Amino acid sequence: MTSQRAATRSMTSLHRNSLPIPDDLAVEIFSRLPSKAIARCRCACKLWSSMLVREDFTDLFLTKSSARPQLLFACQDHNRNYIFFSSSPHPEEEENSSSYVVAANHLARFPSSSYRLFGCTNGLCYGARPRSRKPVICNPSTGQSLTLPRLKSRKWFGVDNYLGYDPVSKEFKVLTLSMESSKISAKHQVLTLGTKKLSWRLVQCTTAHYSSNKWISISGVIYYAASANRSSANSMVACFDLRVEKFSFVNFGRAMHDSTTLVNYNGKLGLLMSGDAPGENISTTSKSFQLWVLQDAEWSKHVYILPPSWKDVVTKTMCFAGIIVGTNEIVLAPSLQNVLCYVIYFNVERNTITKVGIQGMEAFQGKRFNTYLNYVENVILL
């Protein structure tokens, strides 16, 4: 800390004519700006650029952004061959109100050309171009993207991809599970972002299983739903510890509902699913939701009965977007946003349903959206 302050005073004295305020105060001011403004400030002068790419600044900005998580929408427009990212804040609750409108903030767009998006972690999004087998990392806050090296695989039978973040080492890691034949989970590969030479390395897994596209990264662990064989439903959760790069498995003890979504529930893994019969969609006829929380290798069950207002608000087939960290509100989005963009909030403590319209997304009406919760702006450079 002392050396950092000394370096700060030194930098300020060297550039006193350019920035006549202490660096620590300047960093605090910059950390309060939106990510778009940070990108412009980095281009303003060398002093600002050097300050705004420092690790202490990006950490501070991420900490402040994490205190105000947002919704993130990814819209794939095949006509224009782009993926468009937009964010919106969560609505501020008011008594006796069942509907709100919030404004969308358009972030960035990336060429989509056969691009498949897998998910988002800590402000970064992860996808791949299946034919090239080259995964891509993109940052909606900065507009940057990074194409990763080609995976070590001669054949391409099937692949699942996950992006995790370890808050202790402050490292992003990509985990890829690919099958080169009919063998299950034949190859497991890991890549660490931020290294001088990006490369895939093989990791061992002694438990044969089929992976899935249902996953989440929580506190340095990647969790994904898995099954023992191809014909059975997901009935266990694979856990990959990013720090030691080791696998472990937790048995769920039953088949997961088709609607199952992995969520962050107060820092613990949760399985959020419909309480209705397997195979039924979440719709106006839904009666309840279930949340199974993993704690000390045991599952605890929570059941939430939907209020009568559910039928009045929901008009389409819905899917879970997840649970908001901090408030534990359940958020759902239409499976296809072929009407004006909106999401549904279910406050489990008050047992209330709120419909929130997203203003500024009209140009994407009729397109398929991916909706992500707990999005934080991250100004780290790729």
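**Exercise 1. Place Thr352 in the structure: which strand holds Thr352, and what is Thr352 in contact with beyond its sequence neighbours?**

Let's start with the address: Thr352 belongs to strand 24, residues 352-359. Strands here are DSSP runs of E with at least two residues, helices are runs of H or I with at least four, and both are numbered from the N terminus. A quick word on the source: this is a predicted model, where local features need pLDDT of at least 70, side-chain atom pairs count only at pLDDT 80 or more, and totals for chains, interfaces and linings use all residues. Residues are numbered from 1 along each chain as its sequence is written, and side-chain values use heavy atoms, leaving out hydrogens and water.

Next, accessibility. Thr352 has 31% relative accessibility, so it counts as partly exposed. (Buried is under 20% relative accessible area, exposed is over 50%, and partly exposed is in between, with a 1.4 Å probe and protein chains only.)

Now the contacts, meaning heavy atoms within 4.5 Å. Setting aside neighbours within four places in sequence, Thr352 touches Tyr345, Phe346 and Asn347. Finally, look at Ser309: 43 residues separate Ser309 from Thr352 along the chain, yet their C-alpha atoms are 7.8 Å apart.

**Exercise 2. Work out which residues of helix 5 are buried, and what they pack against.**

Find the helix first. Helix 5 runs over residues 55-66, and its 12 residues reach 16 Å from first C-alpha to last, close to the 16 Å expected. That expected span is 1.5 Å times one less than the number of residues.

Then pick out the buried ones: Phe57, Thr58, Phe61, Leu62 and Ser65. Looking down the axis, these buried residues of helix 5 fall within an arc of 130°, so they line one face. The arc is taken from the directions from the helix axis to the C-beta atoms. Flip to the other side of helix 5, and you'll find Glu55 and Thr63 exposed.

As for partners, the buried residues of helix 5 pack against helix 2 (23-31), helix 3 (35-42) and helix 4 (46-52). Try the same check on helix 2: Asp23, Ala26, Val27, Phe30 and Ser31 are buried there. They cover an arc of only 135° around the axis, which puts them on the same side of helix 2.

**Exercise 3. Classify the ring pair of Phe57 and Phe61: what are the distance and the angle?**

Here's the rule: rings of Phe, Tyr and Trp (its six-membered ring) pair if their centres lie within 6.5 Å, and planes under 30 degrees apart count as stacked, over 60 as edge-to-face and the rest as tilted. The count by this rule is 15 aromatic pairs. For Phe57 and Phe61, the centres are 6.0 Å apart and the planes are at 50°, so the pair is tilted. Both sit in helix 5, 4 residues apart, about one turn of the helix.

Repeat it for Phe118 and Tyr126: with centres 5.6 Å apart and planes at 55°, this pair is tilted. Phe118 and Tyr126 are both buried. Elsewhere, ring pairs join Phe289, Trp310, Phe320 and Phe346 into a cluster.

**Exercise 4. Sum up the chain: how many helices and strands are there, and what share of residues counts as buried?**

Count the elements: 6 helices and 25 strands. Then the share: 50% of the 382 residues count as buried.
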